[in-house]
Every structure is written in structure tokens, then in C-alpha cells.
Amino acid sequence: MTSTTLQLSDPFGPVTCQSAGDGAPVVLLHGVGMQSAAWAPQIEQLSQTHRVIALDLPGHGGSGLLPDGAELPDYVAWLHAVLTELDLGPVSLAGHSMGALIAGGYTACHPAHVSRVALLNGVFRRDPAAREAVEARAALIWAGGFDLETPLARWFGEGKADLAARAQVAEWLSGVNLAGYAAAYTAFARGDSTYADGFSDIRCPLLALTGDGDPNSTPEMARAMADAAPHGRAVVIEGHRHMVNLTAPEEVNTALRTWLNTEEELS
């Protein structure tokens, strides 16, 4: 695996990415508080047939912060700057959680640059109660109320695979840039409907995947995303929660390989 730092012009600054393999490009976007290494099981498998590039989101890993007050469209603009710099041509784009919001928004805005999109544990049109709860968590983070155990309890169950992945995720969260975490979480809290109306214009294959036990990125949301896109498909993995790519890597990788083998739709 190769680590690279791109130097983008203002306001984006440095962007770190990990790449492996050769072939058609697959770009991976992680969730809030994570880093590109969170895609390790997918990088290992997908790089056998594709060139896989996992990015650190702004304010995460080695990537620079966005300006204060950044919202989801600013993260979408950041991704466009990254992909323009990489000059990959159309990519297969996959995102987890906040990364899924960015991937969905980018595909709606720049359809010519995306051959297919996968949204793992994404959120879509939260109901009022869920929106109030996530916005309250964002406000608490900005106030300095960083709580390691609460997100871990939402993201993981008690199975063996969960406990092993939980320890690694706890390490990443413990070392996160708090300003980057708060900024991304706020954009995540406010962005679940920003590009929702644009899903009907996404003409490429769309995979919406989640775990049946994810309380916030629910199976109903995954099905709604798939139904909203002309060529959408929903996959719900039983017995898993939010970090399903780490707790059920074989099932997730199987779904992603099927997605990558789906022919691009042009109509």
C-alpha cells in the first residue's frame, strides 16, 4: 500500500490517501472520527482487481481542516478538488456514514465523474426525533463534550467480531482531531436531506447497504435510498450495526464485488 499526500489549493490544503492495486479506480470515503485505515478489509480484497484509493476526510488522519462553518456541500466540493487532482476519470465511489453522504451528494452533482456509487450505513431524510438527537450530539461535541463510549455503544454489539473491531475504532476515535471531528459531525447532522431530491437523477448503479441493527442508518433508510435512484439496490446485513464493513467484512466485500461487476447504466 502506498501513502500519498496531495497539496490542494486553498481552502482545501493537504489531503492524505492510501492506494493499492491496479485497474479501474475505486475511491473510498470513511465516516466521522475514522480514517482511511478503517477500510482495511475492503482495500485488501478489492485491490486484487482494482486500483483502490482511500482518502482521509478533512480534519481526519493527515488531511487539513476545511474553513469554519463548513457544511456538506463544502465536503462535496473538497472531493471534487481531490478527484480533479488525481485525474482518474470516472470512478467507482463508496462511502461509509459521513462518507456516504459525501458520495451521494457528489454523484448527484457530478454524475459524469462516477460510474457507480455505494452508500454504506448512510443516512437519508431523518425523522424529526432522529434529527433533533443528532443535532444535540453535534452541539455537545462543539461544547467539548467528547464522549468515547456513547458512539461505540451505538456502533457495536457484543459479538466477537464487534469487540475486536471496537478496540481498533476506539483507538482511532481517541486520537481524532477534535476540531475536524466536530466540523464533520455537524455537517453530517445537517446533511441527511441536502441531496436527497437529487437521487432520482443518479443514473449509475447505486448500492445502499447497512446492518439490520444500526439504529441511525436504518434498513428503512437504505431501502429508501435504493428506491429513490433509478438503478438502486439495497442490502441489509443481519446481526450487525454501524461499523459493518469491519464486523462483517466478508459479507460487505461480497456485496461490493457484485456492485463493481454491475454494468454502468447510461439511461
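Which residue in β5 is the bridge partner of Leu 29? I began with this question, keeping in mind that the model is a predicted one, and I found that the partner is Gly 95. I then looked up the strands around this bridge, and noted that β3, residues 25-29, and β5, residues 91-96, pair in the parallel sense over four bridges.

**Entry: the sheet**

I followed the pairing outwards and wrote down an open sheet of eight strands with mixed pairing, in the order β1-β2-β4-β3-β5-β6-β7-β8. At the edges I found β1 (2-7) and β8 (232-237), each of which has a single partner strand, so one side of each is left without a neighbour in the sheet. I also looked up the twist, ignoring direction, and noted that neighbouring strands of this sheet are turned by 20 degrees against each other on average.

**Entry: helices on the sheet**

I next asked what lies across β3, β5 and β6 (114-120). I found helix α3, residues 98-109, which runs at about 145 degrees to β5. I then turned to helix α8, residues 219-228, and saw that this helix packs on the sheet, where it touches β6, β7 (206-211) and β8. For the direction of α8 I noted an angle of about 175 degrees with that of β7.

**Entry: α2 against α3**

I returned to α3 and looked up its packing with helix α2, residues 72-86, for which I noted an angle of about 70 degrees and axes 9 Å apart. Since angles of 65 to 115 degrees count as roughly perpendicular, I recorded α2 and α3 as therefore roughly perpendicular to each other. On the α2 side I listed Leu 72, Tyr 75, Val 76, Leu 79, His 80 and Leu 83 as making the contact, and on the α3 side Met 98, Leu 101, Ile 102, Gly 105 and Tyr 106. Sorting this contact by class, I wrote down nine nonpolar and two polar residues, with no charged residues.

**Entry: the largest pocket**

Last, I looked up the largest pocket, for which I noted a volume of about 270 Å³. Its lining has 24 residues, and the closest to the pocket centre are Trp 155, Tyr 185, Phe 188, Asn 216 and His 242. Which elements give two or more residues to this lining? I found α4 (128-142), α5 (149-155) and α7 (178-190), and noted that α4 gives the most, with four residues. By class, I recorded the residues of the lining as 14 nonpolar, six polar and four charged.

How values were computed
Residues numbered from 1 in each chain as written. Predicted model: local features only at pLDDT ≥ 70, side-chain atom pairs only at ≥ 80, totals over all residues. Heavy atoms only, no water. Pairing = 2+ DSSP bridges. Axes fitted to C-alpha atoms, helices over the stretch in contact; angles between N-to-C directions. Contact = heavy atoms within 4.5 Å. 1 Å grid on protein atoms, 1.4 Å probe; cavity = no way out; pocket = protein on both sides within 12 Å on 5 of 7 lines; lining within 4 Å. Points joined across faces, edges and corners; volume = space filled by probe spheres on them. Nonpolar A, V, L, I, M, F, W, Y, C, P; charged D, E, K, R; others polar. Parallel < 35°, antiparallel > 145°, perpendicular 65-115°, else oblique.
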